[in-house]
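Work through the exercises below with the sequence and the model open. Each task is followed by a solution in steps.

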Amino acid sequence: KKVIIVGGVAGGASAAARLRRLDEEAHIIMFERDEYISFANCGLPYYIGDTITDRSKLIVQTPEAMIQRFNLDIRTKSEVIAVHPERKTVTVRSVEKGTYEESYDALILSPGAAPIRPALPGIDHPQIHTVRNIPDTDRIKKQVISPETKTAVVVGGGYIGVEMAENLKEAGLEVTMVQSADQLLGTFDREMSNIMAQEMEQQGVELLFQDTVESFKDTNGKVTLTLRSGRVLTSGLVILAVGVKPDTGFLKDSGIALGSRGHIQVNTALETNIPNIYAVGDAVEIHEDGAVTAIPLAGPANKQGRIAADRVAGLKTTYKGGHGTSIIKVFQLTGAQTGLTEKKLKELDTDYHTVYVHPNAHAAYYPGATPMTIKLLFDPQGVILGAQAVGRIGVDKRIDDIATVLHFGGTVTDLTELDLAYAPPFSSAKDPVNMLGYVAE
Ligand code: FAD
């Protein structure tokens with residue numbers, strides 16, 4: 001059996017490794033447009049901020065190591081530019097081998113999502129960067145360490161924008177963030193994200209809300225940004241982090257069904273509308289019972305890669321869906337969330353209840369205790385709909401506990417009943433998650 005995988009990072013590399021474990025004989029070809037496969041996208045901002053100091057640690061697997069370990073046919077600097085389902089082939093444009101066609105019995109697509117570059121005047125200035133891969137990171141790092149670079153402007157206050165702002169600040173630059181919405185991090189409700197915005201301001205990041213860039217222009221090698229408010233900023237380094245879009249341009253004539261924003265449409269078996277073609281990761285939207293979800297995060301991409309490989313190997317695994325559970329470090333704080341926000345519930349016009357608690361992360365009498373804020377959303381029957389938490393320590397495990405209960409359709413009573421690990425350095429006899437349940441009941 002000959003299996004082609006398009007994309008060699010989160011979803012693609014997971015699919016390749018899993019497939020090899022399930023099928024020792026298959027000829028597995030992985031095409032990757034870039035030079036690197038299986039790198040730590042999520043670690044890139046922390047290398048720019050110098051928390052990760054060793055660049056080689058970002059490269060989780062080299063093609064050589066992966067070829068040796070999994071007996072794969074990995075072809076880097078090879079872009080798949082078209083898919084031809086009628087003859088079961090793909091067209092490949094390779095830096096070394098030119099353009100050729102390769103046939104498949106099964107095809108797994110994991111091309112990911114590309115940063116959005118809005119069509120604004122001056123957007124092609126060389127000092128304006130997006131952050132997706134190692135070459136982007138090398139370019140940004142070079143500029144960050146140049147003594148000429150003293151300031152940076154980050155456009156966009158989502159996860160990547162906030163992580164970049166923190167890391168550029170840590171690297172010693174003066175940082176201004178331009179955010180079109182009236183809050184950061186849209187997966188949180190405003191009062192929760194405001195706690196993180198305050199932390200950013202206290203750490204010296206200037207935040208400009210409800211403003212957008214109208215144009216860029218060159219000023220002696222630097223970039224001048226003109227904002228809608230009329231404000232003008234000039235900086236040697238601009239990071240553009242205004243969202244991502246599925247990297248699926250090469251599929252437009254393939255007959256593979258795409259959604260309105262270019263996502264590949266798949267079912268819970270990760271099958272596209274065309275037999276033997278599967279798709280996973282940031283590039284897909286999953287259709288189930290009339291609902292559509294697209295979550296551009298590493299956890300879903302890895303899980304889906306594994307499931308697509310199972311399917312190719314004949315196993316009947318399905319993707320059970322996700323709740324968009326996510327987490328971010330904002331200087332000294334951690335913010336994490338799972339499920340629906342209050343904003344979203346209002347949009348859906350459904351009945352819900354909200355509670356907040358402000359417990360200490362561990363017993364107050366044990367040194368280092370700090371409070372956190374947890375917000376819980378649940379329906380009139382007590383079924384958990386979503387939760388958000390912000391604090392210095394212990395936020396991650398509380399949201400993971402609630403995400404687990406949410407996954408199993410649990411209620412606020414389940415939160416009171418959870419039997420959680422306790423000793424004073426770690427928690428309280430009534431864990432914050434139990435407390436949340438008591439208050440909600
Ligand atoms: P990718 O990992 O993007 O891989 C797709 C690969 O396919 C790319 O290497 C691309 O070059 C290649 N490709 C595309 N088209 C073609 C083609 N036609 N031919 C050949 N190759 C092609 N997620 C989290 O959950 N937590 C985090 O903390 C987090 N931090 C992040 C920080 C940054 C800076 C970035 C950029 C992303 C972050 N993410 C995070 C998101 C996470 O990295 C993605 O969800 C995940 O990598 C998606 O996996 P994927 O396989 O769909 O796509």
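Two residues are in contact if their C-beta atoms, placed from the backbone, lie within 7 Å. The model is a predicted one, in which local features need pLDDT of at least 70, side-chain atom pairs count only at pLDDT 80 or more, and totals for chains, interfaces and linings use all residues. Residue numbers start from 1 along each chain as its sequence is written.

**Exercise 1.** Find which residues Val238 touches, leaving out those up to four places away in sequence, and place Val238 in a nonpolar core.

Solution. Step one: the contacts of Val238 beyond four places in sequence are Gln127, Ile128, His129, Val153, Val155, Val223 and Leu225. Step two: a nonpolar core is a set of buried Ala, Val, Leu, Ile, Met, Phe, Trp, Tyr and Cys residues joined through C-beta atoms within 7 Å. A residue is buried if 20 or more other C-beta atoms lie within 10 Å of its own, exposed if 12 or fewer, and partly exposed in between, with C-beta atoms placed from the backbone. Step three: the largest core has 65 residues, and Val238 is one of those that touch the most other members, a group that also includes Val154, Val155 and Ile384. Step four: another core, of 48 residues, lies apart from the largest one and has Ala26, Ile256, Ile277 and Ala309 among its members.

**Exercise 2.** Decide whether Asp182 is buried or exposed, and locate Asp182 in the chain.

Solution. Step one: Asp182 sits in the loop between β11 (174–179) and α6 (190–202); helices (H or I, at least four residues) and strands (E, at least two) are DSSP runs, numbered from the N terminus. Step two: Asp182 has 10 other C-beta atoms within 10 Å, so this residue is exposed. Step three: Asp182 touches Phe209 and Gln210, when residues up to four places away in sequence are not counted. Step four: from Asp182 to Gly236 the C-alpha distance is 26 Å, and the two are 54 residues apart in sequence.

**Exercise 3.** Describe the shell around the ligand: how many residues does it hold, and which are the closest?

Solution. Step one: 33 residues surround the ligand (C-beta atom, placed from the backbone, within 6 Å of it). Step two: the closest are Gly7, Val9, Ala10, Gly112 and Gly281. Step three: at least two shell residues come from each of α1 (10–22), α2 (44–48), β4 (78–84) and α7 (298–312).
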